[in-house]
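Thanks for sharing this one. Below are a few points you may like to follow with the structure open beside you.

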Amino acid sequence: MSLIPPAVDVSPLNCAGPNACDIVNVYTSIFWIAMAVLVIVGGLIVYAALRFRRRDDREPAQVHGNPRLEIVWTAIPVLIVGFVFIRTALRIDYVRNGPAPQQTIQVTGVQWAWSFKYPNGKTSFSTLTIPANQVVRLQVTSKDVLHSFWVPRLGGQIYAKPGFQNSGWIEASQPGTYFGQCNELCGRDHWAMLLQVDAVTADQYQAFLSGTLPPGTTAVAEKVSGAAAAVKVAETDALTFQPSSATAKVGDVIEWTNTGTAVHNVVFGNQAVPSSDSMNQGDTFEIKFTKPGTYSYVCKFHEASNMRGTITVTGG
């Protein structure tokens, strides 16, 4: 058995949606024009170097210009550049704005993760779920520094600017998993600002929006609000949960509070446990468990800094 993990395909040349494929088509046409220019110009240079190389000390015949030839080699580049300009300009609006969207999703870049807000208010982090064969409009912004949303196989990059909303779109031609990353240097853990797009069927997408658990999965916790907390956990600017390990009983309310200035969240690895939205300074998140067990969670924004915690739940 191989210990080497399979390669992840993030090549934009292996496009998986109409936006990305349109970009590839423009790129391919320009690439082959460039290759033709390279071969012709390079070939003429090699030919001239060999044909007119110095053979003895005699002065070669002096050439003082050829107006027709000069007009030709000026006109040809003008035509090539004109074609490239028109070919690109005609596709800019489609790549930028696309067809009428069937879904609109808010995307926010935060050091160092992505948050997604869906039409019904549901949120997710780092993994964007979309329906396959539907145009999805992305409204992209940033909470802190400049980021860039890019899933190469689904479309071009969309800059995320603080205080400004950029728009773009993606569409997956078939269900599957597609990978991307922040494409703008954004700080210490830029390398960890990965993203994943899960393209699913329309029925699966509706089940995701409604919060339906996978078949055979039963909820083991529920969100609460306003109840007295038996266990309190602080989210700190030191990028740690305090305490990182806690014990509670079934039915106890556990409360997380963002006591710092950085954005945090609480995301459980177990899908049967609800996760928080993005939490700004002073925000709280409360749940209570209905089943004993040990449950691990992470701050998705600071996963690379190992901001993790566990809750051990015992019988009531």
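1. Let me start with the open sheet of four strands, whose order is 14-19-18-16 and whose pairing is mixed. Please keep in mind throughout that this is a predicted model. Strand 14 (245–249) and strand 16 (267–268) are at the edges; each has a single partner strand, so one side of each lacks a neighbour in the sheet.

2. Within that sheet, have a look at strand 18 (residues 293–298) and strand 19 (residues 308–314), which pair in the antiparallel sense over six bridges. If you want a place to check the register, Thr294 has Thr312 in strand 19 as its bridge partner.

3. Next, the helices. Helix 1 (residues 18–51) packs with helix 2 (residues 67–97) at an angle of about 175 degrees, and their axes are 10 Å apart. That angle is over 145 degrees, so the two helices count as roughly antiparallel.

4. What does each helix bring to this contact? From helix 1 come Pro18, Asn19, Asp22, Ile23, Asn25, Val26, Ser29, Ile30, Ile33 and Val37, and they meet Ile80, Phe83, Val84, Arg87, Thr88, Arg91, Tyr94 and Val95 of helix 2. Sorted by class, the contact of helix 1 with helix 2 has 11 nonpolar, four polar and three charged residues.

5. Asn258 deserves a look of its own. This residue sits in strand 15 (residues 253–258), and it counts as buried because its relative accessibility is 2%, where the cut-off is under 20%. Its side chain has two backbone atoms to follow: a polar side-chain atom of Asn258 lies 3.0 Å from the backbone nitrogen of Gly260, and the side chain of Asn258 also reaches the backbone oxygen of Ala262 at 2.8 Å. Leaving aside residues up to four places away in sequence, Asn258 touches Glu235, Val263, His264, Met279, Asn280, Gln281, Gly282 and Asp283.

6. Finally, is Thr141 in strand 5 (residues 136–142) buried or exposed? At 18% relative accessibility Thr141 counts as buried, since the cut-off is under 20%. The side chain of Thr141 reaches the backbone oxygen of Lys161 at 3.2 Å, while a polar atom of that side chain lies 2.9 Å from the backbone oxygen of Phe164. Both Lys161 and Phe164 are also among the residues that Thr141 touches beyond four places in sequence, a list that includes Val107, Thr108, Gly109, Ala160, Gly163 and Gln165.

Key. Residues are numbered from 1 along each chain as its sequence is written. This is a predicted model: local features need pLDDT of at least 70, side-chain atom pairs count only at pLDDT 80 or more; totals for chains, interfaces and linings use all residues. Side-chain values use heavy atoms; hydrogens and water are left out. Buried means under 20% relative accessible area, exposed over 50%, partly exposed in between (1.4 Å probe, protein chains only). A polar contact is a pair of N or O atoms within 3.5 Å; within protein, one must be able to donate a hydrogen and the other to accept it, and residues adjacent in sequence count only if both atoms are side-chain atoms. Contact means heavy atoms within 4.5 Å. Axes are lines fitted to C-alpha atoms, for helices over the stretch in contact, and angles run from 0 to 180 degrees between N-to-C directions. Angles under 35 degrees count as roughly parallel, over 145 as roughly antiparallel, 65 to 115 as roughly perpendicular and the rest as oblique. Ala, Val, Leu, Ile, Met, Phe, Trp, Tyr, Cys and Pro count as nonpolar, Asp, Glu, Lys and Arg as charged, and the others, Gly among them, as polar. Two strands pair if DSSP finds at least two bridges between them.
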